[in-house]
Amino acid sequence: MPLDQGVPPPFPSGFAAATIESAKEKKKQKQQQPAVRPAPGTSQLDVLAQAYKPEFYETVARIMALRQKYVEDRVIFVESREMQSLLLGLGARPEDFPRMQVVSNRLYHDPTLPFRRSRNGRFLIDFDSNSLRRLEFQPFTLTAEEDFKRHDSGQLRRFDEVQNELQLNSAFQALFAFKAMVLHGVATIHRPRLAYGANRWVCTLFNLRTVTTPDLVGEPALEGVHSDGVDHTMTTYLGSSNMAPNSAATFMHDMDETTGVQLDDVSPHHILARVQHRNFLDTLMIVDHERKHSLSPVYAVDETKEATRDMLIFFTRKPVDKTHVSGSIDSLRPHRDMPMEIPLFVPGSR
Ligand SMILES: [Fe+2]
């Protein structure tokens, strides 16, 4: 299967002369465009304003080392303390961390899952303008063809939308900036009917709370072994309440594991890794079309009370072709009522 060669790596080493010429032309055009900056008077992430701080380059070097590990292992797990330091290095404001920890208190019912509360939002990582932009609302679907087998596979789901309190949070925006830096130029096995020539990535962001009650077990992945129908999935832990320590471990399986198999029935020889998000900002990133994954349920410490687990899930893939099942619900138009655009920094892309 072809690998994604559409985007040069951050540190190109040898291109044909014509490619260099057209790259030079593109670079010239890009330099003529004014760089995107956050709306004036806001406290959003301005990664370009960090460029005068020596510690910014240390942060970039550490993220590039993680990117190299991602290229080699197809998965990285970044622990809380390291992630917090990287986000601060990218310009996140310390006071935005506690705000992000409580944002899931204002989630509502999920369209298809009784044990989940949810919101989502669509964003564009645009490497032509080197910016992250909020996109307009679209319904959402995942199908069995994308290795997602559940009672609601193929159904059009409409989620409540992520609000400004999350999308304008600089720590949240720094998570996106981190993801963009890691995925840029990483070659992956292609999914069918995605536009790999595009220099832009569509990101569907879910803010999810899984809830276990005395009557109902909360399943972070009711679908069992699956993949998310995208190129790169990133999951960040925000917090939990009354959650037992053996809850919600993530298992990664090779692609030969059967989609839809429940965790109790998986083949041990297909398991490649296990990680567990335990602390605020613990973050997993995985090449979604090269590894399947599954999760164990959320268990309560006090079984007479509700237990919750709050996460951010960042799905990222190339835009789809018209023939893709999401071909008519993949708009790249900006969100009119909740606009957001901030600059991204990618080494070697300017
Ligand atoms: Fe998933």
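# A viewer tour, strand by strand

Select arginine 122 to begin: across from this residue stands threonine 204 in E5. Before moving on, keep in mind that this is a predicted model.

**Stop 1: strand E3 and its partners**

Now widen the selection to strand E3, residues 116-126. How many of the residues of E3 are buried? The count is 9 of 11, and the strand is mostly covered. Add strand E5, residues 200-212, to the view: E3 and E5 pair in the antiparallel sense, and 11 bridges link them. The arginine 122 and threonine 204 pair from the start of the tour belongs to E3 and E5.

Next, bring in strand E2, residues 108-109, which pairs with E3 over 2 bridges, again in the antiparallel sense. Put tyrosine 108 in sticks and look for serine 118, its bridge partner in E3. Then follow the chain from E2 into E3: the connection is a hairpin through 6 residues.

Strand E4, residues 131-135, is another partner of E3 to select. E3 and E4 run antiparallel and are joined by 5 bridges. To see one facing pair, pick leucine 124, with arginine 133 in E4 opposite. E3 and E4 also form a hairpin, with 4 residues between the strands. Which residue in this hairpin takes a positive phi? Click on asparagine 130, where phi is near 50°.

If you show side chains along these strands, here is a rule of thumb for the view: in a regular strand, side chains alternate between the two faces of the sheet.

**Stop 2: the sheet E8-E7-E10**

Clear the selection and pick the three strands of an open sheet, arranged in the order E8-E7-E10 with antiparallel pairing. Which strands are at the edges? They are E8 (271-276) and E10 (292-295), each of which pairs on one side only. Turn the sheet to look along it, and you can follow a twist that averages 20° from one strand to the next.

Colour strand E7, residues 249-253, separately. E7 is largely enclosed by the rest of the structure, because 4 of its 5 residues are buried. On one side, E7 pairs with E8 in the antiparallel sense over 5 bridges. E7 also runs antiparallel to E10, with 4 bridges joining the two.

Methionine 252 is a handy residue to centre on here. Opposite methionine 252 in E8 is alanine 273, while its bridge partner in E10 is histidine 293. For another pair between E7 and E8, go to alanine 249 and find glutamine 276 opposite.

**Stop 3: loops around the sheet**

Step back along the chain to alanine 248, in the loop between E6 and E7. Its phi is near 50°, a positive value in a residue other than glycine. Is alanine 248 buried or exposed? With 24 C-beta neighbours inside 10 Å, it counts as buried.

In that loop between strand E6 (232-241) and E7 you can also select asparagine 242. Asparagine 242 has 17 C-beta neighbours inside 10 Å, so it counts as partly exposed. Leave out its neighbours within four places in sequence, and asparagine 242 is in contact with Ala300, Val301, Asp302, Lys305, Glu306 and Ala307. For a sense of scale, draw a C-alpha to C-alpha distance from asparagine 242 to proline 54: they are 41 Å apart in space and 188 residues apart in sequence.

Then jump to leucine 281, in the loop between E8 and strand E9 (283-287). Leucine 281 has a positive phi, near 85°, in a residue other than glycine. Leucine 281 has 25 other C-beta atoms within 10 Å, so this residue is buried.

**Stop 4: helices H2 and H6**

Finish with two helices: H2 (residues 54-73) and H6 (residues 170-183). Two packed helices are described by the angle between their axes and the distance between the axes. For H2 and H6, the axes come within 8 Å and cross at roughly 55°. They are therefore oblique to each other, and the crossing is right-handed.

Which residues meet where H2 and H6 come together? Select Ile63, Leu66, Arg67 and Tyr70 on the H2 side, with Phe178, Met181 and Val182 on the H6 side. Colour this contact by residue class and you will find 6 nonpolar, no polar and 1 charged.

Conventions
Residues numbered from 1 in each chain as written. Predicted model: local features only at pLDDT ≥ 70, side-chain atom pairs only at ≥ 80, totals over all residues. Axes fitted to C-alpha atoms, helices over the stretch in contact; angles between N-to-C directions. Parallel < 35°, antiparallel > 145°, perpendicular 65-115°, else oblique. Left-handed = near helix turned anticlockwise from the far one by under 90°. Contact = placed C-beta atoms within 7 Å. Nonpolar A, V, L, I, M, F, W, Y, C, P; charged D, E, K, R; others polar. Pairing = 2+ DSSP bridges. Buried ≥ 20, exposed ≤ 12 C-beta atoms within 10 Å, placed from the backbone.
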